Each structure stands twice: as structure tokens, then as C-alpha cells.
Amino acid sequence: NRTVKGIYIEGKVNTIFIQNTSVIRCKNSYFINSNWEGDFLYFQNAEAERALADGFSINGTGNFITLDNCFSCTNFENGINIGTSQNSSVNMTNPNVRNNYSHGVMIDSPTNNVSIVNPVIASNDSQETGNFHGVDIATAANHVYISGGKIGGRTEDLGANGLQKYGINVNENGHDHIRIIGVDVTDNVESVGISWDTNGANVQADSHNFIQFCPGYSAGQTSFTTG
């Protein structure tokens, strides 16, 4: 029923565990409202498919969100969307995010910590608009850590070219604490793999930005440690 949200969290609530759950063909599969102000949300083995909007829509000012072994695919907007009011910690381990219409993971928040470890993110921008990426980091988003896994390739097996434009797209040049280490970004539409503006704060030593050991990043193994 695409007029309703599957699992909806709002207000002051704490310590919620959502495990071994599949939510299909809702407006959003998992929706955290902007007024959420609790602590500790745990998603484990949670599946989101064919939502009219985002698979996981994460917002609010609550603290400590964990997604472990979660799957989000074929949604009509983003696979995982970290929204504009979410300012706490969001940690993802082994996310499997494929074939969504928009971005695989959209980070559009002022959060102090987003980590994505060992991702499998492929063939997002499934309508082939040329506008969407595996991971998109918005202009005002900082403190993002992405490590290991592969962001690129086909939906089925991550081999050959997939549909998303870049594996990782970092918007504008005013970021700090963006650390992308050991991520395979081959097999995207743009062979460079990572889009990154090497100007402004992005390349200042005191901004603590790093891109290292990422196959497919054509600028080489780069550490931004000097201005």
C-alpha cells in the first residue's frame, strides 16, 4: 500500500530493535520522522524494497542509529536517505543497496558521524538519468567515513559497468573529515569513480580529508594533507 509508511518512528522513543524484517511496496519502508529525539535504533537484517519514496528515510535529532546487514533495492527514490535534521551518529555495516531510482545512499545531514563499512552499492540511478550516484554527500555534510567493499558494477554481481554515474560524489569544496579508504569504485558510468573538488577546504590539512587505496579512482592514491 504505497499511501502508508511501513515502520514509522517519531517523538521521544528509545532503544528499538528491528530485526529480520522485510517491508515491501509502502510509501517508505522504514521512516524516522524529523521530530524523533530518542536514543538507540538498531536495524539488523532489515529489507526495504519497491517503496514509492526512500527505502530507509532517517531523520530527527536522536542519537546512535545502526544498520547492520540491511538491504535496500528497487525503491523509487533513495535506497537510504539520511535527512537534513539528523545530526547524530549513523553507522552502517555491510549495507547492500542496489537498483534504486535515485542515489544508493544520500547523506544530506549535519551529522557528526556517518560510517559505511564494507558496502555493496551498485546500479543505482536505475532509470539512467545520469544524475545519481552510489553514495552522494551533500554540500553541508561532513564527518563521513567509507571503507572497504565495492561501490559500482551491475545489480547482479558487481561485474562490468553499472548504471550509477559516480561511485561516490562529494558536492562542492567546503568539507571536512571526509575519509574514503580502500573502497573499490570501478565499474561506474564515470570511470574516475569518485567525484571530488580538489579546491578550497577540501584540500586543507586542517580539514582532515583523505582518499586512499581506492581502485578506480583515477587521481591515484591521494592523501589531502597539505593546502
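**Note on the predicted model: sheet, core and aromatic contacts**

1. F43 is buried, its relative accessible area being 2%. The model is a predicted one. Y30 is likewise given as buried, at 2% relative accessibility. Aromatic pairs number 8 in this model. In one of them, the ring centres of Y30 and F43 are 5.7 Å apart and the planes stand at 80°, so the pair is edge-to-face. Y30 belongs to strand β3 and F43 to strand β4, so this pair ties together parts 13 residues apart in sequence.

2. A second pair to look at is F76 with Y101: the ring centres are 4.5 Å apart and the planes are at 10°, so the rings are stacked. This pair links distant parts of the chain, 25 residues apart, with F76 in the loop between β7 (71-73) and β8 (80-82) and Y101 in the loop between β10 (96-98) and β11. What is the accessibility class of F76? F76 is partly exposed, because its relative accessibility is 29% and the buried class ends at 20%. Y101, at 27%, also counts as partly exposed.

3. Two charged side chains sit over rings. The charged end of R2 is placed over the ring of F76, 4.5 Å from the ring centre. K5 lies over the face of F31, and the distance to the ring centre is 4.7 Å.

4. The nonpolar core deserves a separate check. The largest such core has 43 residues, and the members touching the most others are F43, F56, L67, I107, V135 and I168. Strand β4 (residues 39-49) supplies the largest share of this core, 4 residues. Beyond its neighbours within four places in sequence, F56 has contacts that include Y30, F43, L67, C70, F71 and I80. Polar residues also appear in that set, among them S72 and N81.

5. The sheet is open and has 8 strands with parallel pairing, in the order β1-β3-β5-β8-β11-β14-β17-β19. At its edges are β1 (7-9) and β19 (194-195), each of which pairs on one side only. Within the sheet, strand β11 (residues 105-107) runs parallel to strand β14 (residues 135-137), and 3 bridges join them. I107 has I137 of β14 as its bridge partner. I107 and V135 are both among the core members that touch the most others.

6. N33 is found in the loop between β3 (30-32) and β4. Is N33 buried or exposed? N33 is buried, at a relative accessible area of 16%. The side chains of N33 and E10 make a polar contact at 3.4 Å. Residues up to four places away in sequence aside, N33 touches Y8, I9, E10, N59 and G60.

7. F17, F40, Y42 and F64 make up one aromatic cluster. F40 is placed in strand β4 and is partly exposed, with a relative accessible area of 32%. The backbone at F40 should be inspected: phi is near 70°, a positive value in a residue other than glycine.

8. N118 raises a similar point. Its phi is positive, about 55°, although N118 is not a glycine. N118 sits in the loop between β12 (113-117) and β13 (120-122), and at a relative accessible area of 40% N118 is partly exposed.

Notes: Residues are numbered from 1 along each chain as its sequence is written. Side-chain values use heavy atoms; hydrogens and water are left out. Two strands pair if DSSP finds at least two bridges between them. Helices (H or I, at least four residues) and strands (E, at least two) are DSSP runs, numbered from the N terminus. A nonpolar core is a set of buried Ala, Val, Leu, Ile, Met, Phe, Trp, Tyr and Cys residues joined through side-chain atoms within 4.5 Å. Buried means under 20% relative accessible area, exposed over 50%, partly exposed in between (1.4 Å probe, protein chains only). Contact means heavy atoms within 4.5 Å. A polar contact is a pair of N or O atoms within 3.5 Å; within protein, one must be able to donate a hydrogen and the other to accept it, and residues adjacent in sequence count only if both atoms are side-chain atoms. Rings of Phe, Tyr and Trp (its six-membered ring) pair if their centres lie within 6.5 Å; planes under 30 degrees apart count as stacked, over 60 as edge-to-face and the rest as tilted. A charge sits over a ring if NZ of Lys or CZ of Arg is within 6 Å of the ring centre and within 35 degrees of the ring normal.
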